[in-house]
Amino acid sequence: MSCSCNREDNILSNTCVAKVPIFSKLSAKELMEIAKVTTDKKFQKGEIILLPGDTMDKLYVIHEGSVKISRISESGKEQIIRILGPGDFMGELALFAPRLSQNSAEALEETVVCEIESKKIKELMLQSSQIALKILEEVTQRLEKAENLVESIGLYDVEKRIATILLELAKDNDEIVLPMSKKDLAAHIGTTQETLSRKLTFFQDQGLIELIGQRKIIILNREGLSLWDIKNQ
């Protein structure tokens with residue numbers, strides 16, 4: 001005789017709700033309740049998931065693939081705000097009040113997005129302070145990152161911006177696989193693809209990094225890159 005809890009665990013292991021950090025403290029029963037009001041949608045590379053002006057009435061969770069969140073200025077310049085991967089989510093601000101999207105969301109590869117009804121998430125937030133705090137924590141972190149990005153673009157030269165983003169992407173590793181194209185990375189830090197490529201080559205000539213192919217970067221001198229990171233602060 002099979003155990004229903006095992007069946008539930010097997011089902012949940014294949015759903016996006018099991019990947020979301022804000023749901024990590026929920027029971028299998030609570031996760032199953034969320035899974036019942038969750039729908040999956042598949043998007044091809046380059047397909048638009050959200051456009052500015054679209055109604056935000058769901059929490060969107062990335063199950064597979066990656067998504068670019070960006071905004072276009074009045075002059076037509078793209079500013080990439082962040083890249084989302086499996087377990088990341090968007091639309092959290094709509095949980096507090098109905099709103100329209102100000103950004104666009106584009107699939108960078110074949111991507112599966114899970115949409116969860118805002119009403120259900122609000123109910124869970126009222127029932128569980130842990131979920132409410134996790135969402136507030138995520139919102140706070142994103143606001144902080146947005147402020148840091150604005151400060152970096154406005155105050156620091158391009159070398160420092162590149163050094164900073166490389167160290168952020170590397171974390172504790174010396175090998176980086178860029179989560180986006182160099183064109184998108186350049187847009188994220190407020191420069192051009194040509195300038196980014198030229199400065200990366202400069203860092204390689206200085207013995208700080210090694211460029212491998214289009215997206216792999218090896219940090220050879222973390223201390224040297226860190227010193228460049230604090231330059232002009």
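This is a chat about two sheets and a surface patch in a predicted model.

Visitor: Let's start with the three-strand sheet. What's the strand order?
Guide: The order is 11-13-12, the pairing is antiparallel, and the sheet is open.

Visitor: Which strands stand at the edges there?
Guide: Strand 11 (175–177) and strand 12 (209–212) do. Each has a single partner strand, so one side of each is left without a neighbour in the sheet. As for twist, the average is 20 degrees from one strand to the next.

Visitor: How many bridges join strand 12 to strand 13?
Guide: Four, with strand 13 covering residues 216–219 and the two strands running antiparallel. Among the bridge partners, Ile212 goes with Lys216, and Leu211 goes with Ile217.

Visitor: What does Gly213 do in that hairpin?
Guide: Gly213 takes a positive phi near 65 degrees, and the hairpin has three residues between strand 12 and strand 13.

Visitor: OK, helices now. Which strands does helix 5 touch?
Guide: Helix 5 (residues 158–170) packs on this sheet and touches strand 11, strand 12 and strand 13. The direction of helix 5 makes about 95 degrees with that of strand 13.

Visitor: And helix 7, which strands does that one touch?
Guide: Helix 7 (residues 193–205) packs on the sheet too, touching strand 12 and strand 13. Its direction makes about 125 degrees with that of strand 12.

Visitor: Switching to the four-strand sheet: what's the order?
Guide: That one reads 1-10-4-7, an open sheet with antiparallel pairing. Strand 1 (38–43) and strand 7 are at the edges. Each of them has a single partner strand, so one side of each lacks a neighbour in the sheet.

Visitor: How many bridges join strand 1 to strand 10?
Guide: Six, and the two strands run antiparallel, with strand 10 spanning residues 111–117. One of the pairs puts Asp40 opposite its bridge partner Cys114 in strand 10.

Visitor: What about helix 3, where does it pack?
Guide: Helix 3 (residues 118–127) packs on this sheet, touching strand 4 (58–64) and strand 10. The angle between the directions of helix 3 and strand 10 is about 65 degrees.

Visitor: Last topic, the surface. Which residues form the nonpolar patch?
Guide: Leu93, Phe96, Leu133 and Leu136, with about 370 Å² of accessible area together.

Visitor: Where is Phe96 found?
Guide: In the loop between strand 7 (89–90) and strand 8 (99–100).

Visitor: Why does Phe96 count as partly exposed?
Guide: Because its relative accessibility is 42%, and partly exposed runs between the cut-offs of 20% and 50%.

Notes:
Residues are numbered from 1 along each chain as its sequence is written. This is a predicted model: local features need pLDDT of at least 70, side-chain atom pairs count only at pLDDT 80 or more; totals for chains, interfaces and linings use all residues. Side-chain values use heavy atoms; hydrogens and water are left out. Two strands pair if DSSP finds at least two bridges between them. Axes are lines fitted to C-alpha atoms, for helices over the stretch in contact, and angles run from 0 to 180 degrees between N-to-C directions. Contact means heavy atoms within 4.5 Å. Patches are made of residues with over 30% relative accessible area and no salt bridge: like charges are joined within 9 Å, nonpolar side chains (Val, Leu, Ile, Met, Phe, Trp, Tyr) within 5 Å. Accessible areas come from the Shrake-Rupley method with a 1.4 Å probe; for residues, only the protein chains shown count as cover. A salt bridge is a side-chain nitrogen of Lys or Arg within 4 Å of a carboxyl oxygen of Asp or Glu. Buried means under 20% relative accessible area, exposed over 50%, partly exposed in between (1.4 Å probe, protein chains only).
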